[in-house]
Amino acid sequence: MSVKIRLQRHGKKQKPFYWVVAADARSKRDGKYLEKIGTYNPNTNPATIELNIDSAVKWLHNGAQPTDTARAILSYKGALLKHHLDGGIRKGALTQEQADAKLADWLDAKSGKVDAKKDGLSKAQADAKAKAFKAEQEVNAKRLAAAAQAEADAIAAATPAVEEEEVAEVEAEAATEEAPAAEENNETTEA
């Protein structure tokens, strides 16, 4: 029986979630498996990977062949490096302490890279949010200025009309005052 380390799909439509499993090569993709080694969630950025490295290395020592994606995941988490270092220990090229130190150094460097990526993503997200907020403030300022200008134009347009009405009323009153005075003058001249 040949054993494969592969992904088993779970989750819902458009939201995949995978289990990393050791399974018989003849079993279905989502079928029977021998052992669940970890999980892989590609929906997050960066992808979330939970992996039992010791269990994965045990299966690699027993001859399990990872699929391409599973190999990338095992490499990303350091399981392939641990498998390689264990081979060096078996051959006598290095001691267990040296192998553990190399693996710990590699894992620290890898976690530093992952943290740097997370920081870069959060900084980029914060910058985008600040830029959007600034653009929104500018749009709001323009909108308020346009509303104030429109209000001022409306007041200015209404003010001359009111002044013209007042002038017309004053002229009409003056004309009505002049008309009776003219009539009085006509009456006095006739008499």
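Four salt bridges turn up when the whole of this predicted model is searched. One of them joins aspartate 24 and arginine 26, whose closest N and O atoms are 3.1 Å apart. The two partners sit in unlike surroundings: aspartate 24 is buried, at 15% relative accessible area, while arginine 26 is exposed, at 68%.

Another salt bridge pairs arginine 29 with aspartate 30, at 2.8 Å from N to O. Aspartate 30 is partly exposed, with a relative accessibility of 38%.

Lysine 58 and glutamate 35 also form a salt bridge, with 3.4 Å between the closest N and O atoms. This pair connects distant parts of the chain, since lysine 58 belongs to helix α1 (residues 53-61) and glutamate 35 to strand β3 (residues 35-41), 23 residues apart. Both residues are partly exposed: lysine 58 has a relative accessible area of 40%, and glutamate 35 has 22%.

Aspartate 86, in helix α3 (residues 79-91), is a charged residue without such a partner. Aspartate 86 is buried but has no salt bridge, and the nearest side chain of opposite charge, that of lysine 82, is 4.8 Å away. A salt bridge requires the nitrogen and the carboxyl oxygen to be within 4 Å, so at 4.8 Å lysine 82 does not qualify. Beyond its neighbours within four places in sequence, aspartate 86 is in contact with Val57 and His61.

Lysine 82 is itself buried, as are Ala79, Leu85, Gly87 and Gly88 of the same helix, α3. The end C-alpha atoms of α3 are 19 Å apart, which agrees with the 18 Å that its 13 residues should span at 1.5 Å a residue. After α3 comes glycine 92, with a positive phi near 90 degrees.

Terms used: Residues numbered from 1 in each chain as written. Predicted model: local features only at pLDDT ≥ 70, side-chain atom pairs only at ≥ 80, totals over all residues. Heavy atoms only, no water. Helix = DSSP H or I, 4+ residues; strand = E, 2+ residues; numbered from the N terminus. Buried < 20%, exposed > 50% of the residue type's maximum accessible area, 1.4 Å probe, protein only. Lys, Arg positive; Asp, Glu negative; His and termini not counted. Contact = heavy atoms within 4.5 Å. Expected span 1.5 Å × (residues − 1).
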